[in-house]
Amino acid sequence: MTTPDGLHRCAIDHLVVMADSLQAGADWCRRTLGVAPAMGGEHPLMGTHNRLLQLSGPAHPRAYLEIIAINPGAKDAPANCARRWFDMDDGALQAQVRSQGPQLIHWVASVPDLAAARSALAACGLDRGDVVQASRPTPLGPLQWQITLRPDGQRLLDGCLPTLIQWGDRHPCYSLPASGVTLQSLQLEHPQAPLLTKACNAAGLQQRVQIGVAAQPRIQATLATPRGIVQLASQALGT
């Protein structure tokens, strides 16, 4: 699943940080990483909105951080989508984010052939969901992509199994300003690490992430920031 120029090879596309509100997410970003996130936009399909931070660097040349929250101006997602993406309608996750603040909950992998990658995960016994067309308006015109989305909105394997995305002509990183923050590595820990490893290998992501066995699932991203090395880690529900 590679292309000759390597620009659209399988890769870590973005990290997902869920916040109770975009203002809370922006404050968290300044406090934790020492920089302010750029403006993002609204997702009419899901009733969410976001802010973004460029993370591209030598290790991961096209990556960013997404701070995402339910849009209070569009609380109900359209009827054709039963649940919002990334488990954002899960009451326990919402309560944890509300009480403990914004946190890393998931990651998204870009692939050059979404249908093929989805089928590869299905062969591992993992239903990543339907391929859905999505977009959001930007000053440069619509930003368009295809993404795997389950009707129940579940992330799978406690968020360690990535959602898959295939971008159209433009990628958010192309218009994001440099932030001084770069993604160094992404480590996944899970009780079902062999299954997670098999799935990532099948989707062509074996060289992008580090996977280990642990009693509690965890996603840990290591970032180089103006404040030095910062590690963001997900939290198991109820901890």
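A polar contact is a pair of N or O atoms within 3.5 Å, of which, within protein, one must be able to donate a hydrogen and the other to accept it. This tour applies that term to a predicted model.

**Asn50**

Begin by selecting Asn50, which is part of strand E3 (residues 48–54). Asn50 has a relative accessible area of 5% and is therefore buried. Next, display the polar atoms of the Asn50 side chain: one of them lies 2.9 Å from the backbone nitrogen of Gly41. Then add Glu66, whose side chain forms a polar contact of 2.8 Å with the side chain of Asn50. To see the wider surroundings, show the residues in contact with Asn50 beyond its neighbours within four places in sequence; among them are Leu22, Gly40, His43, Ile67, Ile68 and Arg136.

**Helix H2**

Now move to helix H2, residues 91–100. At its start, select Asp90 and Ala92: a side-chain oxygen of Asp90 comes to within 3.1 Å of the backbone nitrogen of Ala92.

Continue by colouring Leu93, Gln96 and Val97, the buried residues of H2. Turn the view so that it looks down the axis of H2; the buried residues fall within an arc of 95°, so they line one face of the helix. Strand E1 (11–18) and strand E5 (103–110) are included in what covers these buried residues. Rotate to the face of H2 turned away from the buried side, where the exposed residues Arg98 and Ser99 are found.

Finish just after H2 by selecting Gly101, which adopts a positive phi of about 95°.

Notes. Residues numbered from 1 in each chain as written. Predicted model: local features only at pLDDT ≥ 70, side-chain atom pairs only at ≥ 80, totals over all residues. Heavy atoms only, no water. Buried < 20%, exposed > 50% of the residue type's maximum accessible area, 1.4 Å probe, protein only. Helix = DSSP H or I, 4+ residues; strand = E, 2+ residues; numbered from the N terminus. Arc of directions from axis to C-beta. Contact = heavy atoms within 4.5 Å.
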